[in-house]
Amino acid sequence: MKLSRYFIPTVREVPSEAETASHRLMIRAGMMRKLAAGVYNLLPLGLRSIRKVENIVREEMNRAGAIEALLPSMVPAELWEETGRWSLYGKELLRIKDRHGHEFCYGPTHEEVMTDMVRREVKSYKQLPLALYQIQTKFRDEIRPRFGMMRAREFMMKDAYSFHTDEKSAEEGYEKMFRAYEHVFKRSGLKFRAVEADTGNIGGASSHEFMVLADTGEDLVVSCPVCDYASNVEKAEVVIPKHHAQETQTPAPEDVATPDSRTIEEVSAFLKRPADQFIKTLVYSVNGGKEHIAALVRGDGEVNEHKLKTLLAADVLEMATPEKVKELTGAGVGFAGPRGLKLKTIGDYSVKGMANAVSGANRDGCHTININEGRDFTVAQWADIRMVRYGDACPRCEKQKLEFHRGIEVGHIFRLGTKYSKAMKANYLDSNGKEQVMVMGTYGIGIGRIAAAAIEQSHDDNGIIWPWAIAPFQVVVLPLNISKEDIVAAANRIEEEMEQEGYEVLLDDRDERAGFKFNDADLLGIPIQIIVGDKGLKNGEVELKVRKTGERVNVKLEHLKDKVKEVASLLAAL
């Protein structure tokens with residue numbers, strides 16, 4: 001492919017809106033252009049990489065036994081109403097009316113549509129298990145789209161759905177998909193970690209996220225350096241304290257004035273008591289105010305709202321409004337406490353057995369000292385509802401402190417159980433002719449995110465360093481002086497020979513100075529550069545540069561094919 005005939009509008013300046021390396025470099029390398037907030041045109045070079053990611057995903061899905069289909073992007077509201085997600089999904093769901101006033105959404109995910117299709121066609125246990133997938137454009141109306149392909153509103157996604165007769169079959173399907181995902185990310189040249197994750201809006205019993213480890217990742221993940229435990233911070237478990245030190249003296253609780261002090265830090269400084277002697281009381285609204293609960297956590301910790309939401313099996317969990325806090329506790333925000341509180345109370349294990357602690361007094365401007373769990377207040381339910389923090393031990397082996405990493409989510413798989421199939425009556429007849437509910441799984445991969453994550457993990461100050469498998473081209477030929485016929489002829493021969501060997505080749509035939517071509521070649525990140533210069537050609541040689549390592553070697557023309565093959569094999573194995 002001649003570069004002069006291709007469409008690669010590279011730019012030198014750094015885009016002002018680009019906050020991450022992948023966003024910056026994909027624009028500079030002419031891979032994409034912004035059309036609207038979170039919506040991008042994919043240019044030919046970007047599309048080449050995306051198609052390669054698609055092919056890897058498609059091959060691994062097929063190998064795992066999934067069958068490709070394609071569903072409409074516009075979804076009738078009534079399907080989402082069957083599962084209750086029409087009202088619960090929130091403003092990320094782009095809702096549209098057609099000319100007849102019928103409501104649709106632009107599908108952010110397709111559990112309902114796929115379940116509807118399967119319930120219409122699958123009637124017998126003999127047709128199960130069944131796994132179907134699609135690679136399709138999705139839309140999620142993110143409140144703050146950013147980071148280019150990493151958090152776009154419109155994006156390409158592979159979403160797969162499996163249907164089973166029972167939990168055992170569903171577990172086998174989940175494990176098969178787990179392994180397929182590992183193969184996808186390994187083949188794409190990514191360093192990644194599978195972590196336990198919260199199920200979020202999709203729901204289900206449990207899930208795993210596949211995180212590409214990168215300093216610019218939006219997500220925080222924890223892992224144990226000794227055992228195989230890994231989780232995102234939303235799901236991360238905390239070791240349950242075995243006991244609290246016993247207090248020899250437990251004086252009666254006493255309310256003390258704490259003027260102008262409502263946060264733990266302010267009251268701690270005022271009373272000269274450390275934060276770990278405080279009990280923090282937070283009031284939450286459950287499912288739009290149908291219920292209110294109080295969550296207790298030690299003062300040096302934070303409530304993990306994802307854990308709390310899961311514990312309560314709530315569709316919606318929000319902090320209660322200041323007005324509601326005042327109504328339920330008798331005091332403003334910052335002065336609530338468990339003593340005398342007439343609310344269902346969920347206590348973190350860190351609070352259990354606390355003695356001579358400090359809490360809000362349920363009176364404005366006051367806190368209570370010497371409050372004891374069990375004597376002065378009781379807890380309806382104990383649970384792990386604390387956010388993991390630096391210094392916490394691994395909850396599995398308890399041998400090492402957890403390590404914290406930044407990560408980019410590129411895939412997410414879910415054990416759905418019967419959440420959707422039960423709501424939508426996706427049933428089948430078992431071997432006894434009895435009607436049963438299908439058990440489901442769902443599995444998503446961000447196609448564009450894989451390409452962006454690869455750039456985040458592999459780039460330098462000069463540009464992209466593509467993994468071999470998803471590079472838009474594998475070889476770039478750089479003739480340094482196209483005014484000389486022998487250089488142009490040699491470059492053309494090399495292009496033809498490399499293409500005959502099966503490589504995807506870009507020939508930079510532009511009439512530009514050498515430095516300009518070198519800069520563009522590094523920016524585009526093509527793995528192998530073949531430089532055709534006047535001096536080397538006189539000796540029957542060209543220079544071969546490996547973009548990943550920067551290694552440069554002079555190679556005789558008659559040995560070029562063998563050398564490229566050798567380097568390509570090494571790069572493909574990385």
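**Reading strands, salt bridges and a cavity in a predicted model**

Modeller: Strands β30 and β31 run antiparallel and are joined by five bridges. Helices (H or I, at least four residues) and strands (E, at least two) are DSSP runs, numbered from the N terminus, and two strands pair if DSSP finds at least two bridges between them. This is a predicted model, in which local features need pLDDT of at least 70 and side-chain atom pairs count only at pLDDT 80 or more, while totals for chains, interfaces and linings use all residues. Residues are numbered from 1 along each chain as its sequence is written, and side-chain values use heavy atoms, with hydrogens and water left out.

Biologist: Which residue in β31 does K545 stand opposite?

Modeller: K545 stands opposite R552. The hairpin of β30 and β31 has five residues between the strands, and there G550 takes a positive phi near 80°.

Biologist: K545 also has a charged partner elsewhere. How is a salt bridge read, and which side chain does K545 meet in one?

Modeller: Side chains of opposite charge can pair when their charged atoms come close. The rule asks for a side-chain nitrogen of Lys or Arg within 4 Å of a carboxyl oxygen of Asp or Glu. K545 meets D522 at 2.9 Å, N to O. K545 is in strand β30 (residues 541-546) and D522 in helix α13 (residues 514-524), so this salt bridge ties together parts 23 residues apart in sequence.

Biologist: Are K545 and D522 buried or exposed?

Modeller: K545 and D522 are both buried, where buried means under 20% relative accessible area, exposed over 50%, and partly exposed in between (1.4 Å probe, protein chains only). D522 forms a salt bridge with R547 as well, with the closest N and O atoms 3.7 Å apart. That pair links distant parts of the chain, 25 residues apart, since R547 sits in the loop between β30 and β31 (552-556) and D522 in helix α13. D522 and R547 are both buried.

Biologist: How many salt bridges does the rule count, and which residues do shared partners join into one network?

Modeller: The count comes to 48 salt bridges. Salt bridges with shared partners join E171, E175, R179, E182 and R415 into one network. One of the pairs is E175 with R179, where the closest N and O atoms are 3.8 Å apart. Both residues lie in helix α6 (residues 167-187), four residues apart, about one turn of the helix. E175 counts as partly exposed because its relative accessibility is 30%, and R179 is partly exposed at 42%. H183 lies in helix α6 too and is partly exposed at 38%. Between the C-alpha atoms of H183 and D562 the separation is 29 Å, with their positions 379 residues apart along the chain.

Biologist: Back to sheets. In what order do β4, β5 and β6 form their open sheet?

Modeller: The order is β4-β6-β5, with antiparallel pairing. β4 (74-76) and β5 (95-97) are the edge strands, each pairing on one side only. The twist averages 40° from one strand to the next; axes are lines fitted to C-alpha atoms, and angles run from 0 to 180 degrees between N-to-C directions. β5 pairs with β6 (residues 103-106) over three bridges, and I96 has F104 in β6 as its bridge partner.

Biologist: How is empty space found, and how many cavities of 30 Å³ or more does the structure hold?

Modeller: Rolling a probe the size of a water molecule over the atoms shows where empty space is left. A cavity is a set of points on a 1 Å grid over the protein atoms alone where a 1.4 Å probe fits but cannot get out, and lining residues have an atom within 4 Å of a point. The structure holds one cavity of 30 Å³ or more. The largest cavity has about 30 Å³ of space, a volume being the space filled by probe spheres set on the points, which are joined across faces, edges and corners.

Biologist: Which residues line the largest cavity?

Modeller: The lining consists of M150, E218, D219, G407, I408, E409 and R449. Strand β21 (residues 403-417) gives the largest share, three residues. By class the lining has two nonpolar, one polar and four charged residues; Ala, Val, Leu, Ile, Met, Phe, Trp, Tyr, Cys and Pro count as nonpolar, Asp, Glu, Lys and Arg as charged, and the others, Gly among them, as polar.

Biologist: What should I look for in the backbone angles?

Modeller: Most residues other than glycine have a negative phi, and most peptide bonds are trans. Here K272 has a positive phi near 55°; K272 lies in the loop between α7 (264-271) and β14 (279-286) and is exposed, at 72%. N370, also not a glycine, has a positive phi of about 65°. N370 is in strand β19 (residues 366-371) and counts as buried because its relative accessibility is 12%. The peptide bond joining L128 and P129 is cis, with omega about 0°, and P129 lies in the loop between α5 (111-121) and β7 (130-139).

Terms used:
1 Å grid on protein atoms, 1.4 Å probe; cavity = no way out; pocket = protein on both sides within 12 Å on 5 of 7 lines; lining within 4 Å.
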